[in-house]
Amino acid sequence: MAIHASSASARPQNSHTEIPASQKAIALIGSRLIELRVNRRLDQFAELVGMARMAHTLGVISAADYTDLLSDLNDLISEGVARG
């Protein structure tokens, strides 16, 4: 009688499946951008600008992505954010 391994332990362990820093940064910034679009709080805007600046400085987002994000944030601030 054969003994079968559970599905979790039968999966190959692959260390190459780590998510790149750029994808992590984009996911985190994207989730914060959604929160800003929903809540429109000034503190969220400031946090997002800081996160974008840090990601660009660390080289995990490109200059083009950084510029596009700042443009989007300027558009949002022009539409108005509530004071948080």
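**Exercise 1. Packing of two helices**

How close do the axes of α3 and α4 come, and at what angle do they cross? Determine how the two helices are oriented and what forms their contact.

*Solution.* The structure is a predicted model. Step 1: the α3 and α4 axes approach within 10 Å, with a crossing angle of roughly 170°. Step 2: angles over 145 degrees count as roughly antiparallel, and α3 is therefore roughly antiparallel to α4. Step 3: on the α3 side, the contact involves Leu-42, Phe-45, Leu-48, Val-49, Ala-52, Arg-53 and His-56; α4 contributes Ala-63, Tyr-66, Leu-69, Leu-73 and Ile-77. Step 4: sorted by class, this contact of α3 with α4 has 10 nonpolar residues, one polar and one charged.

**Exercise 2. The nonpolar core**

Identify the helices that supply the largest nonpolar core, and trace the contacts of Leu-73.

*Solution.* Step 1: the largest nonpolar core has 15 residues, and among those with the most contacts inside it are Ile-29, Leu-69 and Leu-73. Step 2: at least two residues of this core come from each of α2, α3 and α4. Step 3: α3 provides the largest share, six residues. Step 4: apart from neighbours within four places in sequence, Leu-73 is in contact with Leu-33, Leu-36, Phe-45, Leu-48 and Val-49.

**Exercise 3. A residue between helices**

Locate Arg-40 and describe its backbone and its exposure.

*Solution.* Step 1: Arg-40 lies in the loop between α2 (21–39) and α3 (42–57). Step 2: although Arg-40 is not a glycine, it has a positive phi of about 55°. Step 3: the relative accessibility of Arg-40 is 23%, so this residue counts as partly exposed.

Note on methods. Residues are numbered from 1 along each chain as its sequence is written. This is a predicted model: local features need pLDDT of at least 70, side-chain atom pairs count only at pLDDT 80 or more; totals for chains, interfaces and linings use all residues. Side-chain values use heavy atoms; hydrogens and water are left out. Helices (H or I, at least four residues) and strands (E, at least two) are DSSP runs, numbered from the N terminus. Buried means under 20% relative accessible area, exposed over 50%, partly exposed in between (1.4 Å probe, protein chains only). A nonpolar core is a set of buried Ala, Val, Leu, Ile, Met, Phe, Trp, Tyr and Cys residues joined through side-chain atoms within 4.5 Å. Contact means heavy atoms within 4.5 Å. Axes are lines fitted to C-alpha atoms, for helices over the stretch in contact, and angles run from 0 to 180 degrees between N-to-C directions. Angles under 35 degrees count as roughly parallel, over 145 as roughly antiparallel, 65 to 115 as roughly perpendicular and the rest as oblique. Ala, Val, Leu, Ile, Met, Phe, Trp, Tyr, Cys and Pro count as nonpolar, Asp, Glu, Lys and Arg as charged, and the others, Gly among them, as polar.
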